[in-house]
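Please look over the sequence and the structure shown below before reading the report. The report takes the parts one at a time.

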Amino acid sequence: MKADIKQMILDAARTAFQNGELSSDDFPAVDVEEPKLVLHGDFSTNFAMVSASVQKMAPKKIAQAVLKHLNDPNGIIQRTEIAGPGFINFYIHPEAWHPVLSVIHEKDAAYGAKDIGGGSRVQVEFVSANPTGPLHVGHGRGAVVGDATAAILAFCGYDISREYYINDAGKQVHTLGRSVLLRARELSGQAIVFPEECYQGDYIRDIAKRILGEKGDWLFFADEEEAVSFCAASAAKEILAWIQEDLDLLGIRFDTWFSEQGLCDSGKVDEVIRQFTQNKMIYEQDGARWFKTEDFGDEKDRVVVRNNGQTTYFASDIAYHQDKFDRGFDRIIDVWGADHHGYIPRIRASIAASGKDPSRFTVILTQLVNLLRKGEPVAMGKRSGQFVTLREVIDEVGRDAARFIFLTRHYDSPLDFDLELAKQQTNDNPVFYVQYVHARISSILKKAAEEKNIDDIAFDPEAIRHLTAPEEIELIKHLSRYPETVAESAEKLEPHRIAFYLMDLAAVFHAYYNRHRVITDDSQLTAGRLYLVAAVRIIIRNGLHLLGVTAPESM
RNA sequence: GCGCCUGUAGCUCAGCUGGAUAGAGCAACGGACUUCUAAUCCGUAGGCCGCAGGUUCGAAUCCUGCCAGGCGCGCCA
């Protein structure tokens with residue numbers, strides 16, 4: 001609809017120019033928007049105003065010239081007006097909205113899928129939590145934002161790959177091994193001092209108990225480093241399995257689990273360091289080797305090989321991002337917690353240093369999650385190891401509520417996650433509000449089948465003509481906005497837009513529902529209304545599906 | 001100190017790449033269930049869009065400065 005109007009304006013402007021009523025054919029991009037106020041019409045354009053300087057004419061004169069030559073082949077426009085400083089407002093015939101419904105029914109699950117990706121390959125890497133402890137709510141947010149973003153992009157024609165990077169090499173996993181070994185000693189009755197930098201959580205004891213049961217005294221007779229390595233590998237494996245279960249509970253599946261250790265073992269990290277040393281991007285100082293990230297906009301150069309000979313996490317990450325490009329992805333999206341934002345310039349620098357275009361690399365930074373219960377903060381002492389895990393949250397509030405709530409805020413905005421609120425089945429809780437629409441419509445369709453024997457919701461132009469109530473037109477208008485909402489959400493990597501759209505649509509539907517009965521004695525009207533609400537249900541279902549939330553038939 | 005993010009109704013947040021009179025939910029107050037699910041709806045009230053400049057026909061939106069909050073600034077990840 002919007003595109004049609006744009007075309008009409010452009011065509012009219014061209015004709016006006018040919019007739020000498022406009023002085024230039026240098027037209028700006030036509031911007032058609034939906035005015036906030038109903039009395040400004042269904043659509044509005046600032047075309048005349050933004051053309052004023054080029055045309056060297058008053059906006060109102062330009063508007064008049066455009067309107068004079070406006071050609072409306074399908075007769076969708078009821079009337080037009082020139083208003084304010086030079087807006088052209090368009091009023092659409094209410095019936096002109098009706099065809100939206102048949103398009104929705106035809107396209108069904110594919111409705112709103114604008115192909116903006118053109119099959120280009122995009123990798124979305126998210127969660128990537130270290131396998132050193134259970135996931136917490138912050139990870140949950142990143143998980144859901146990443147997963148929904150991936151789903152939306154896939155829907156819009158991108159070839160998407162979801163990836164989890166496992167930090168199973170390096171110091172943290174080594175610390176994990178030490179923590180477990182110490183707890184094992186403790187369990188076997190030895191006196192130990194448990195250092196502050198070790199992992200404090202009770203889960204370490206559980207793992208230690210298991211390993212002690214499997215390996216017994218070997219742990220204490222073996223070479224210490226060997227014992228630590230064994231504990232590290234075994235613990236990381238177990239924790240990773242928990243993480244996979246958690247993600248599974250959230251309905252998240254990865255295409256690739258990429259191991260940092262595997263990357264190191266393949267020699268890729270050493271290879272990258274060798275290459276950059278050759279290119280003089282890496283130099284030696286104070287016994288360490290530094291990458292010249294400052295040359296590419298970072299605040300200072302960064303160490304890639306420590307003076308003890310070990311490579312840093314950054315070194316792995318350089319190789320990892322190289323590898324992503326080597327695998328042929330056109331675009332790379334990383335979802336990180338906001339506390340890692342200082343890391344972006346150096347990764348970007350490493351990409352630029354290797355001759356790749358850094359604009360192909362995007363980071364989504366999800367802001368912090370505050371876990372609350374009835375408005376009171378829930379203690380999240382990382383140091384004490386006492387924190388509420390993501391698993392506990394999912395178990396308590398359920399997958400749908402958890403997912404939806406993570407998506408009801410722009411990822412850039414901190415999120416208060418209230419456990420009690422998430423369980424409440426009221427208007428406070430947007431998941432149920434949206435799902436309720438789906439359940440209500442399902443119930444109506446069921447009743448129509450049972451009582452009126454209407455099983456087949458088919459297109460019937462005669463019936464649809466009965467959809468004339470303002471609430472019905474309003475509802476159809478909302479439905480027609482779904483495709484652009486999805487496209488925007490994909491272009492900006494902002495899944496929350498779909499959540500907000502669904503809440504708005506739900507509100508419009510509930511209002512309609514309370515005002516009008518779908519199933520009436522008028523069979524034509526009933527048929528038309530069933531066609532309408534079935535279209536609403538398609539969109540609610542599609543939208544929820546993109547967000548990874550179920551659409552229940554009944555509640 | 002430097003960098004990134006944020007500042008919109010009492011609270012939690014939207015606000016489309018600059019548009020006309022600023023949006024929703026909650027909380028408050030008043031209403032609607034013999035009706036397809038009241039997990040719903042209708043109405044009332046609530047605003048120097050942090051502050052000050054600038055850009056222009058037009059700014060919550062873009063630029064600069066300041067104020068406040070969060071996060072980051074390691075040869076940790």
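The sections below describe the domains, the surface around the RNA, a pocket and two sets of paired strands.

## Model and domains

This is a predicted model. Chain A is divided into domain 1, residues 2–92, and domain 2, residues 429–547. The C-alpha centres of domain 1 and domain 2 lie 32 Å apart.

## The surface around RNA strand B

There are 66 residues around RNA strand B, and H341, Y436, R440, S443 and K492 come nearest. By class, this surface has 24 nonpolar, 24 polar and 18 charged residues. Several elements each supply at least two residues to the surface, among them α2 (47–55), α6 (171–187), β9 (288–291) and α20 (482–492). Helix α17 (430–452) is also one of these elements, and α17 gives the most, with eight residues.

Which parts of RNA strand B make up the atoms within 4 Å of the protein? Sugar or phosphate accounts for 66% of those atoms, and the rest belong to bases. Individual contacts involve both phosphate and base atoms. A polar side-chain atom of K36 lies 3.1 Å from a phosphate oxygen of RNA strand B. For P414, a backbone N or O atom lies 3.1 Å from a phosphate oxygen of the strand. N89 contacts a base: an N or O atom in the side chain of N89 is 2.6 Å from a base nitrogen.

## The second largest pocket

The second largest pocket has a volume of about 1400 Å³. It is lined by 44 residues, of which K2, E34, S480, R481 and E484 are the closest to its centre. The lining has 21 nonpolar, seven polar and 16 charged residues.

Which domains contribute to the lining? At least three residues come from each of domain 1 (2–92) and domain 2 (429–547). Elements that each supply at least two lining residues include α1 (2–18), α4 (99–107) and α19 (470–480). Helix α20 gives the most to the lining, with six residues. Both α20 and α21 supply at least two residues to the pocket lining, and α20 and α21 (496–515) each supply at least two to the surface near RNA strand B.

## The sheet of β13, β14 and β15

Strands of a sheet pair through backbone hydrogen bonds, either parallel or antiparallel. Here, three strands form an open sheet in the order β14-β13-β15, and the pairing is mixed. β14 (376–377) and β15 (415–418) stand at the edges with a single partner strand each, so one side of each has no neighbour in the sheet.

Strand β13 (residues 369–373) runs parallel to β15, and four bridges join them. In this pairing, V369 has L415 as its bridge partner, and L371 has F417. β13 and β14 run antiparallel and are joined by two bridges, with R373 the partner of E376. The hairpin of β13 and β14 has two residues between the strands, and K374 takes a positive phi near 50° there.

## The pair β3 and β4

How do β3 and β4 pair, in the parallel or the antiparallel sense? Strand β3 (residues 77–83) and β4 pair in the antiparallel sense, over six bridges. A83 stands opposite F87 in β4. The hairpin of β3 and β4 has three residues between the strands, and G84 takes a positive phi near 55°.

Strand β4 also appears in two earlier sections. β4 (87–92) supplies at least two residues to the surface near RNA strand B, and β4 supplies at least two to the lining of the second largest pocket.

How values were computed
Residues are numbered from 1 along each chain as its sequence is written. Chains are lettered from A and ligands numbered from 1 in the order in which they are written. This is a predicted model: local features need pLDDT of at least 70, side-chain atom pairs count only at pLDDT 80 or more; totals for chains, interfaces and linings use all residues. Side-chain values use heavy atoms; hydrogens and water are left out. A residue is near a molecule or strand if one of its heavy atoms lies within 4 Å of it. A polar contact is a pair of N or O atoms within 3.5 Å; within protein, one must be able to donate a hydrogen and the other to accept it, and residues adjacent in sequence count only if both atoms are side-chain atoms. Ala, Val, Leu, Ile, Met, Phe, Trp, Tyr, Cys and Pro count as nonpolar, Asp, Glu, Lys and Arg as charged, and the others, Gly among them, as polar. Domain bounds come from an automatic or database domain assignment. On a 1 Å grid over the protein atoms alone, a cavity is a set of points where a 1.4 Å probe fits but cannot get out, and a pocket is an open set with protein on both sides within 12 Å along at least five of seven lines; lining residues have an atom within 4 Å of a point. Grid points are joined across faces, edges and corners, and a volume is the space filled by probe spheres set on the points. Two strands pair if DSSP finds at least two bridges between them.
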